[in-house]
Amino acid sequence: MTLARVDRPKRSPTTAPATDAAGPSGPTARRRRRRSRLTALAFVAPLVAYLVAFYAYPLYRNLDLSLRNYTVRSFVDNDAPFSGWDNFSKVLSDPTFSPALRNTMVFTFVSIAFQYAAGLALAVFFNRHFRLAPTLRALFLIPWLLPLIVSASTWSWMLNGESGVVNYALHFVGVAPVDWLTSPHWALTSVILANIWIGIPFNLVILYSGLQNIPGELYEAASLDGASGWQQFRRITFPLLRPVSAITLLLGLVYTLKVFDLIWIMTKGGPGDSSSTLATWSYQLGFGTLLPKFGPGAAVGNVLILIALVFGLLYIRVQRRQET
């Protein structure tokens, strides 16, 4: 019995394989990469245009205003002379600067402290998932959802020295009425109370979302070990909420630093300078008089931006330390 021999064709060692046009270095692959880059640029272009039009250009114009001696005429003709740091010198030496800076710091830090404390307490309370929790959470969002002009007008009516409901309640319990909005001793307190009320829902929503990411097994294990509610909060809840708390405080800081409409509607920064902040003073310099001072007003705005930038850099540094 003989086996048929099948001769396989021999491959010439000198024959090179054909070049694949669709390989990693072929023209088809290059066209695909170019098309992918163009697609990515097309998606990024609207965001870049938005940032340039609504952030970069306004910041540039505000800096240009603060470095030139603008009047109404030169503002229209766009021929204001360059004055360098004169506007900043005028602002820093103005008698209004110290009380405005002090009021800004007090207004910001007191508001943030009470907003965060109340928001955290409510978030922990609603984290128990009882029957009416969703309904009550929705009701607590009302101050955040209302237009700010409505909230400010409502608080102005409530704190009115003659016909306000707050003074009526004080009179009902035998306490003398208070001039909340017209007294230099109470004007800043009044706008702080209103701002705390408006900011609590924001802290509640963010911190409640952070609580949802904490595993329930940790609380169960702590309960089995005999940990009390306060010990669970101090050893589990608060440490694990630090990243969320940091971003909540930073956003609250940036937002509170620039609060203008609430204070302007309620007190207009008065009486005198008792409730004036850097935001209201900047507006008053630029638009609050018949002879506006655009340069000093822009300089005050840049000082406010610089303060927010400093706190933002501090937040980034703290976050990097926590990550390492």
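K268 sits in the loop between helix 13 and helix 14. This is a predicted model, and that loop is a good place to start reading it. K268 has a positive phi of about 55 degrees, even though it is not a glycine. A little further along, P271 belongs to the loop between helix 13 (261–266) and helix 14 (278–287) as well. The peptide bond joining G270 and P271 is cis, with omega at about -5 degrees. Both features are worth a look, because most residues other than glycine have a negative phi and most peptide bonds are trans.

**The overall picture**

Zooming out, the protein chain has 15 helices and zero strands. Its radius of gyration is 31 Å, well over the 20 Å that the globule rule gives for 324 residues, so the chain is more spread out than a compact globule. If you lay the C-alpha trace along its principal axes, you get spans of about 125 × 75 × 35 Å.

How much of the chain is buried? Of the 324 residues, 36% are buried. On the outside, the protein chain exposes about 21200 Å², and 66% of that comes from carbon and sulfur atoms. As for contacts, take those with a separation of 6 or more: 65% of them are between residues 24 or more positions apart.

Then there are the charges. The chain carries 28 positive and 15 negative ones, and the mean positions of the two sets are 16 Å apart.

**Salt bridges**

How many salt bridges does the structure hold? There are two, and here they are:

| Side chains | N to O distance |
|---|---|
| D64 and R61 | 3.3 Å |
| R68 and D64 | 2.8 Å |

D64 turns up in both rows, pairing with R61 and with R68. That ties R61, D64 and R68 into a network of salt bridges.

Why can D64 and R61 be described as about one helical turn apart? They are three residues apart in helix 1 (residues 27–66), which gives that separation of about one turn.

Is D64 buried or exposed? With a relative accessibility of 13%, D64 falls under the 20% cut-off, so D64 counts as buried. Its partners come out otherwise: R61 is partly exposed at 23% relative accessibility, and R68 is partly exposed too, with a relative accessible area of 26%. So the network has a buried acid, D64, joined to two arginines that are partly exposed, R61 and R68.

**Helix 1 and helix 15**

N302 is part of helix 15 (residues 294–323). What does N302 touch, leaving aside its neighbours within four places in sequence? The contacts are N62, L63, S66 and F88. Three of these, N62, L63 and S66, have numbers that fall inside the 27–66 range of helix 1. N302 is buried, because its relative accessible area of 13% is under 20%.

Back in helix 1 you will also find Y55. Y55 is partly exposed, since its relative accessible area of 46% lies between the 20% and 50% limits. For a distance to check in your viewer, try Y55 and W144: they are 89 residues apart along the chain, and their C-alpha atoms are separated by 25 Å.

Conventions. Residues numbered from 1 in each chain as written. Predicted model: local features only at pLDDT ≥ 70, side-chain atom pairs only at ≥ 80, totals over all residues. Heavy atoms only, no water. Salt bridge = Lys/Arg side-chain N within 4 Å of Asp/Glu carboxyl O. Helix = DSSP H or I, 4+ residues; strand = E, 2+ residues; numbered from the N terminus. Buried < 20%, exposed > 50% of the residue type's maximum accessible area, 1.4 Å probe, protein only. Rg over C-alpha atoms; globule rule 2.2 N^0.38 Å. Contact = heavy atoms within 4.5 Å. Areas by Shrake-Rupley, 256 points an atom, 1.4 Å probe, with all protein chains shown as cover. Lys, Arg positive; Asp, Glu negative; His and termini not counted. Charge placed at Lys NZ, Arg CZ, Asp CG, Glu CD.
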